[in-house]
Amino acid sequence: MSVRIDGVVLLDKPAGMSSQGAVTAVKRAFNADKAGHTGTLDPMATGLLPICLGEATKYSQDLLEADKTYIAQVKFGQRTDTGDAEGVVIEELPLPSFADEAATLIALNALLPNFMGPISQVPPMYSALKRDGKPLYEYARAGVELERTPRNITIHAIRWTQINWPEATLEVRCSKGTYIRVIAEDLGKALGCGAHLVGLRRTEVGHLSLEQSFALESIQQGLQDSSTYILPVDALLQTLPHITIDEQQAKRLGLGQRVPLGIPSIEALVRIYRATAAPHNFIGTADWRSGVLHPKRLISQTP
């Protein structure tokens, strides 16, 4: 019988596993009654996948909107139908000839300014975006190419961390909705030799880091106490300002009632704690407007 467990597990997702498969594995490991993730990672990709258990699933959208950081391995000279190593090579192109490593780095660095800041990106056909209720990858597998509307994304930082030509490793910090394999393809196009993604590892999701994560094997085998793996629900919301309220105010807010609270310096969205003496006792988020707290998303207080 499953049990209610509320919190967040930071998983280092292994290669070859879908995000939903990872959620199912973690849910089963803790015998939790409810679980979900905060944004998919392709099966080929590894790295940070925050998994929400129980009441934490109410706040998964907050991380879905967060910036992400990736380490990407790009191979030049080949294009695949999917834009990554899981696809079939559809074109091989001659590689540019560089005099030495320094010349290679100069040429690759010259590509990056066009990939910085707000840019437009066309989503790949091999993606889960839907058209008429069907994901684009189903059309792609049937050999159908559909026109896609470019999307506005933002690349906050991008740099080469290692070059072993014709492969190179890229670190990218970007906004939600960014397709790293499209960046790899576009870099190859800009260099005139094609490219595709051969490795991808997510290292950050918002304020959460891969360094805080656990391997699935460790979780499944219970190598540490189960509580070690589970962060509190509000671990997802640490970048929001917070306020402590008294028990009576917390009770009213928990019932969905507005609470007068004259704190003019507080920001519009706040984290709410049940009582000053128990700051760990998170009850939800609320909007503060004109001296009044308005309940937004509250966790269930019933066991």
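User: Why is the meeting of the D42 and R181 side chains called a salt bridge?

Analyst: This is a predicted model, and in it the N-to-O distance between D42 and R181 is 3.5 Å. The cut-off is a Lys or Arg nitrogen within 4 Å of an Asp or Glu carboxyl oxygen, so the pair qualifies. As background, side chains of opposite charge can pair when their charged atoms come close.

User: What makes this pair tie together parts that are 139 residues apart in sequence?

Analyst: Where the two ends sit. R181 belongs to helix α5 (residues 180–191), while D42 is in the loop between β2 (35–37) and β3, so the bridge joins those two parts of the chain.

User: Buried or exposed: how do you know what to call R181, and what about D42?

Analyst: R181 has 7% relative accessibility; buried means under 20%, so R181 counts as buried. D42 comes out at 33%, which falls between 20% and 50%, so D42 is partly exposed.

User: What makes K176 and E65 a salt bridge, and which parts does the pair tie together?

Analyst: Their N-to-O distance is 2.9 Å, and the limit is 4 Å, so the pair counts. K176 lies in the loop between β11 (167–174) and α5, and E65 in the loop between α2 and β4 (68–76), so parts 111 residues apart in sequence are tied together. K176 has a relative accessible area of 41% and E65 one of 40%; partly exposed runs from 20% to 50%, so that label fits K176 and E65.

User: How do you know that E171 and R159 form a salt bridge?

Analyst: The closest N and O atoms are 2.9 Å apart, against a 4 Å cut-off, so yes, the pair passes. E171 is in strand β11 and R159 in strand β10, 12 residues apart. With relative accessible areas of 25% for E171 and 45% for R159, each is described as partly exposed. The whole structure has eight salt bridges by this search.

User: What does T161 touch, leaving out residues up to four places away in sequence?

Analyst: T169, L170 and E171. T161 lies in strand β10 (residues 151–164). Its C-alpha is 6.7 Å from that of E171, with their positions 10 residues apart in sequence. At 37% relative accessible area, T161 falls between 20% and 50%, so it is partly exposed.

User: How is the protein divided into domains, and what is the area buried between domain 1 and domain 2?

Analyst: The division is domain 1 (7–65 + 208–231), domain 2 (68–205) and domain 3 (242–298). The centres of domain 1 and domain 2 are 26 Å apart over C-alpha atoms, and their contact takes 19 residues from domain 1 and 16 residues from domain 2. About 1400 Å² is buried between them, with carbon and sulfur atoms giving 45%. On the domain 1 side, M44, T46 and L210 lose the most area, together 37% of what that side buries. Three salt bridges are counted between these two domains, plus 12 residue pairs in polar contact.

User: Why are the buried residues of α8 placed on the same side of the helix?

Analyst: The buried ones are Q249, A250 and L253, in α8 (residues 247–254). They span an arc of only 100° around the axis, so they sit on the same side of α8. The face turned away from that side carries the exposed residues E247, Q248 and K251. Just after α8, G256 has a positive phi of about 85°.

Technical notes: Residues are numbered from 1 along each chain as its sequence is written. This is a predicted model: local features need pLDDT of at least 70, side-chain atom pairs count only at pLDDT 80 or more; totals for chains, interfaces and linings use all residues. Side-chain values use heavy atoms; hydrogens and water are left out. Buried means under 20% relative accessible area, exposed over 50%, partly exposed in between (1.4 Å probe, protein chains only). Helices (H or I, at least four residues) and strands (E, at least two) are DSSP runs, numbered from the N terminus. The arc is that of the directions from the helix axis to the C-beta atoms. Contact means heavy atoms within 4.5 Å. Domain bounds come from an automatic or database domain assignment. Buried area is the accessible area (1.4 Å probe) that two parts lose on being put together, summed over both. A polar contact is a pair of N or O atoms within 3.5 Å; within protein, one must be able to donate a hydrogen and the other to accept it, and residues adjacent in sequence count only if both atoms are side-chain atoms.
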